[in-house]
Structure formats: C-alpha cells, structure tokens
Amino acid sequence: MRGGYSFNSYLKNFKISYRIEKVKKCSFRLRNKVFAIFQVKNMFSYNKLFTVLFLCISTLPSAKITFAEVVKIEFTKYDTYSKEILHIDAGDTVEWLPTNKGHNVEFIISPQMGSLPKKSKINEYYSMIFEEPGIYVYGCTPHLNTGMLGIIVVDNDFHNIEFINEIYLSPVAHSVLKGLVIKAKSMSDIE
Ligand SMILES: [Cu+2]
C-alpha cells in the first residue's frame, strides 16, 4: 500500500477511505450494534460495486470524467482583482481571498438580475459556486467607480451581455468594463 502510486495502490486507498467513512456514518447514525454490523457487512458489496464501476469508467476510452474546479482570485495592492477575466464551467467555484485590505465583492450583473448574489463584507473571504451559464460582473464597493471590476463567463455564454447597457456606472468603470468584455470575447474566440 505504501509502495508508490500504482493504480492498484490508489484503488486500495480509495477502498479504505470509503470504508472508514462508511463506518463513521453507521456509528453516528445508529447506536444499535446489530444494525451496525449489518451495515458493515453490506459495505463490502458497496465496495465491490464501486470498484467495478470505477474500473469500467477508467477503462472506457470514450468516457470523459470532468471535475468541478476551484479558482482563486486575490485582492491586489493596486486596487484590482488578480484575475479580472475568468472563463469557467457551470458548477465551478470561485474564491476571493482578502490578500490586501479594503476590498470586497459586489455583483452588478448576473444571468438572473432579479436575484444578484449577496455582496461580501470588506476584508473577508468570499466564495461562490456558479451554476447558471452567462456573464457575471462584480466590483469592489469602495473602488467600483475607479474601475475595480471583474468579469466571469460561465460556459462561454454571453447571452446576457446587453445587461451592461442597463446598469449605471461611472465613466471610468464603464470604459474598464467595456475593455474587459472585449478581451473576454476575444479570449473565447481563441478557445
Ligand atoms: Cu477595492
């Protein structure tokens, strides 16, 4: 098991971690020992099923396994976000890290304008899972007018691009946002 990173050793580790989790679940949920033993016995068939499924998926050449990603964005000392343009897939998470003081995240555009995500507090960590395809624009509440903005494009979908013309922004913020949108579109053409 300690022998390296072969597929077999990975599988062993996978089975063991699953087993531990399952036992914990049993003992947490039920104090009745008889039932707990039944669950533990039953667990081995689960393991076999998991192993078979895992082998099937990993050996199918056409199978495509994708995992949701987590992207980190920092607040910079130049009153900007470290990633101003981001292309992600639906289901991905974005985390904003308060690496410099005095900033936050406030959404001004989303695919569902009626229910914008709530804004974060100044100097606090913030994270969000993006489920809805479309563009999202956010800014820093104190520095929005001076152009501290970011754009996130989910699933390369620009259907709500017109919302940009419906919101009021300072001339500086407006021109920064225009620049970001042009860049975001050109990046998506390359991809
Ligand atoms: Cu700021």
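How many bridges join strand 3 to strand 5, and do these strands run parallel or antiparallel? In the predicted model, 4 bridges join the two, and strand 3 and strand 5 run antiparallel. The structure is a predicted model, in which local features need pLDDT of at least 70 and side-chain atom pairs count only at pLDDT 80 or more, while totals for chains, interfaces and linings use all residues. Residues are numbered from 1 along each chain as its sequence is written.

The protein chain has 3 helices and 7 strands; helices (H or I, at least four residues) and strands (E, at least two) are DSSP runs, numbered from the N terminus. Along the sequence these elements follow the pattern α-α-β-β-β-β-β-β-β-α. Of the 191 residues of the protein chain, 18% count as buried. A residue is termed buried if 20 or more other C-beta atoms lie within 10 Å of its own, exposed if 12 or fewer do, and partly exposed in between, with C-beta atoms placed from the backbone. Among contacts between residues at least 6 apart in sequence, 59% join residues at least 24 apart; a contact requires that the C-beta atoms of two residues, placed from the backbone, lie within 7 Å.

Strand 3 and strand 5 belong to an open sheet of 3 strands, with the order 1-3-5 and mixed pairing. Two strands are taken to pair if DSSP finds at least two bridges between them. The edge strands are strand 1 (70–74) and strand 5 (126–129), each of which pairs on one side only. The twist of this sheet averages 15° from one strand to the next; axes are lines fitted to C-alpha atoms, for helices over the stretch in contact, and angles run from 0 to 180 degrees between N-to-C directions. Strand 1 and strand 3 run parallel and are joined by 5 bridges, with Glu 74 standing opposite Leu 97 in strand 3. On the antiparallel side, Val 94 has Met 128 of strand 5 as its bridge partner. The side chains of strand 3 alternate: Val 94 and Trp 96 point to one face and are buried, whereas Thr 93, Glu 95 and Leu 97 point to the other face and are not.

A further open sheet is formed by 4 strands in the order 2-7-6-4, again with mixed pairing. Its edge strands are strand 2 (85–88) and strand 4, each pairing on one side only. Neighbouring strands of this sheet are turned by 25° against each other on average, direction ignored. Strand 2 runs parallel to strand 7, and 4 bridges join them; here Ile 85 stands opposite Ile 151 of strand 7.

The largest nonpolar core contains 24 residues, of which Ile 135, Tyr 136, Val 137, Leu 149, Ile 151, Ile 152 and Val 153 touch the most other members. Such a core is a set of buried Ala, Val, Leu, Ile, Met, Phe, Trp, Tyr and Cys residues joined through C-beta atoms within 7 Å. Two or more residues of this core are given by each of strand 3 (93–97), strand 4 (106–109), strand 6 (134–139), strand 7 (149–154) and helix 3 (171–190). Strand 7 supplies the largest share, 5 residues. Beyond its neighbours within four places in sequence, Ile 151 is in contact with Glu 84, Ile 85, Ile 135, Val 137, Leu 180, Val 181 and Ala 184.

Two loops were also examined. Most residues other than glycine have a negative phi. In the loop between strand 7 and helix 3 lies Asp 155, whose phi is positive, near 60°. Asp 155 counts as partly exposed because 14 C-beta neighbours lie inside 10 Å. Asn 156 is found in the loop between strand 7 and helix 3 and has a positive phi of about 55°, although it is not a glycine. With 16 C-beta neighbours inside 10 Å, Asn 156 therefore counts as partly exposed. Lys 101 lies in the loop between strand 3 and strand 4 and counts as exposed, because it has 9 C-beta neighbours inside 10 Å. The C-alpha atoms of Lys 101 and Lys 77 are separated by 8.0 Å, the two residues being 24 residues apart along the chain.
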